[in-house]
Amino acid sequence: MLRAVRGGRAVWAPRGGSGSGSGGAKLGRPLRTAAPQRSDIFRELGPRLSRLGQALRGQLPESEGAWNSLRPHQNSPPPPERADVVVVGGGVLGWSVAYWLKTLENRRHGMRVVVVERDPTYSQASTVLSVGGIRQQFSLPENIRLSLQSATFLRTINEHLWVPNEPPIDIQFQPSGYLFLASEHGAATLEAGVKVQREEGAKVALLSPSQLKAKFPWINTENVAVASYGLENEGWFDPWSLLNAFRRKAMSLGVYSCVGEVTSFVADTADNTPGMPRGVGRVKYVNVRLPDSPEQQPVSCAIVVAAAGAWTGKLLDSATAGLQGSLTLRRLPIEPRKRYVYVWHCPGGPGLETPFLIDTSGAYFRREGIAGNYLGSMSPPEGREPDAGNLEVDHDFFQEEVWPRLAHRVPAFRSLKQVKSAWAGYYDYNAFDQNGVLGPHPQLPNVFVLGGFSGHGLQQSPAAGRVAAELLLHGSCAAVDVGRLAPGRLWGSEPLLEAAIV
Ligand SMILES: Cc1cc2nc3c(=O)[nH]c(=O)nc-3n(C[C@H](O)[C@H](O)[C@H](O)COP(=O)(O)OP(=O)(O)OC[C@H]3O[C@@H](n4cnc5c(N)ncnc54)[C@H](O)[C@@H]3O)c2cc1C
């Protein structure tokens, strides 16, 4: 039975990391290359090509698993007519909660969990278009705990997700600290964040500008007042491998995987659950539109988990359109926001010890492989969100916004010769406060929301999926108090602000 979690109390958390950092804007532009053609291909074939490219460059294990992931649900059967839990969305969060539900349930009950995914190629899913980073450097205890617990899970992933008779899981974890730089303006916020991180058990060092220069001589420390550097549990990994590992393990435990789009929820309006607002009953079944067919298949269920990533707000809007009773259902502002990622080659750039650097300006980069390749970008400045209607890459954004900031911070990038490739993906953006939304929907008694993690949902998926499953199964979760992440806060006036948003 779905039970309510503790009501959310929102707090104010200052934003950090401002400062212009764009002193390099006067520098000459890097040479234009064939990158647009490459990104056209990316746009058409999406992450499958990226995966294929990785495999061809020898960056993937030679296991069959890597190749199977190119066709993840090829022979998916239609959904069953009845389920205990329907998870809408087969991204990393959807498969994580499905895995945890089957792992934590009382096996005698044999709960039937169905994951419904509309796009088996994951061509637009955030998970596979992310840059795969994990860090402990947040300002909110909830985010630090979720990431710390997820790091522990990833460290021991084969104890959790290995499927007998299959090769061991290799998520290609690259250990590397995040390096956050703060100007005078952001220094106090960064230092306050590190204090909370240490209280929560994270190992993070504070570096003065001279210590920073001694450790990373290639950094221009102009305008840097202080830096924080993660000493363990940080780095990046292959998102596909994690998604597939959750999916395979969950399926081996009996979770059903179905291709189809959940189009509507059908509720019993006569049923008014005690304590819930009158007018909206429990969702009795969901309608699933099957691929290449106008046919809708109803799946009756006890619980719906809305884990539709960037489309969670849209799902709840459209699927509940027919449910309006005497109550108007309110929107959850979880929506797609386009973010670009660029990969460039710079033979004279920083070496293997390169951290995942977050500049005072918000621009970031990290190493990509070992051959002088780097990957990076930044979120668009306030009020300049690109059109989210497509995943086209804006190359001028790199030339005009990202590269000048990074070339200022890392002078070696001034001689940047080649932008090799680029792609765009959607942040699963919570427009209210850019933090995960995790808990029962305040107006729909048996709908649970798991989405809106913005730029940090991949890394938090192991712990967030577990917490969600515990709340669904037991009504409480001892390991992380996520009461403040409950969806109700999105309709209040006090956002739960995280200072370390990238
Ligand atoms: C460029 C970029 C960089 C990022 N970098 C990082 C990072 O370094 N670290 C990090 O932790 N996070 C990062 N993120 C964020 C992270 O990728 C997301 O928070 C996370 O992957 C969200 O997972 P999800 O399962 O909720 O969403 P998704 O992976 O998008 O999965 C949701 C799925 O739901 C499906 N769906 C939607 N509607 C329906 C429907 N009606 N019926 C059936 N299926 C439906 C979609 O097809 C989709 O496959 C990044 C994101 C981007 C775009």
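The legends below describe close-up views of a predicted model of one protein chain with a bound ligand.

Residues are numbered from 1 along each chain as its sequence is written, and side-chain values use heavy atoms, with hydrogens and water left out. Because the model is predicted, local features need pLDDT of at least 70 and side-chain atom pairs count only at pLDDT 80 or more, whereas totals for chains, interfaces and linings use all residues.

**View 1. The whole chain, with its 12 helices and 20 strands.** Helices (H or I, at least four residues) and strands (E, at least two) are DSSP runs numbered from the N terminus. Of the 502 residues in the chain, 58% are buried, where buried means under 20% relative accessible area, exposed over 50% and partly exposed in between (1.4 Å probe, protein chains only). Among the contacts with a separation of 6 or more, 78% join residues 24 or more positions apart, a contact being heavy atoms within 4.5 Å. The chain exposes about 20300 Å², of which carbon and sulfur atoms supply 51%; accessible areas come from the Shrake-Rupley method with a 1.4 Å probe, and for residues only the protein chains shown count as cover.

**View 2. The shell around the ligand, made up of 36 residues.** A residue belongs to this shell if one of its heavy atoms lies within 4 Å of the ligand, and the closest are Glu117, Thr127, Gly133, Asp428 and Gln459. By class, the shell has 17 nonpolar, 15 polar and 4 charged residues, where Ala, Val, Leu, Ile, Met, Phe, Trp, Tyr, Cys and Pro count as nonpolar, Asp, Glu, Lys and Arg as charged, and the others, Gly among them, as polar. Strand S18 gives the most to the shell, with 4 residues.

**View 3. Polar contacts to the ligand, from both side-chain and backbone atoms.** A polar contact is a pair of N or O atoms within 3.5 Å. A polar side-chain atom of Glu117 lies 2.6 Å from an oxygen atom of the ligand, while a polar backbone atom of Val262 is 3.0 Å from a ligand nitrogen atom and a backbone N or O atom of Gly457 is 3.0 Å from a ligand oxygen atom. Taken alone the ligand exposes 1000 Å², and the protein buries 98% of that. The elements that give two or more residues to the shell are helix H3 (92-104), strand S2 (113-117), helix H4 (126-129), strand S10 (261-267), strand S18 (418-430) and helix H12 (457-474).

**View 4. Glu142 in helix H5 (residues 141-155).** Glu142 counts as buried because its relative accessible area is 6%. Leaving out residues up to four places away in sequence, Glu142 touches Val480, Asp481 and Arg484.

**View 5. Lys314 in helix H10 (residues 312-319).** Lys314 counts as exposed, since its relative accessibility is 55%. Apart from neighbours within four places in sequence, Lys314 is in contact with Ala319 and Ile334; Lys314 and Ile334 are 20 residues apart in sequence and 7.8 Å apart in space, C-alpha to C-alpha.

**View 6. Two loop residues other than glycine with positive phi, Asn233 and Ser454.** Asn233, with phi near 65 degrees, lies in the loop between strand S7 (226-230) and strand S8 (235-236), and is buried at a relative accessible area of 15%. Ser454, with phi near 55 degrees, lies in the loop between strand S20 (447-451) and H12, and is buried at 6% relative accessibility.

Key: A polar contact is a pair of N or O atoms within 3.5 Å; within protein, one must be able to donate a hydrogen and the other to accept it, and residues adjacent in sequence count only if both atoms are side-chain atoms.
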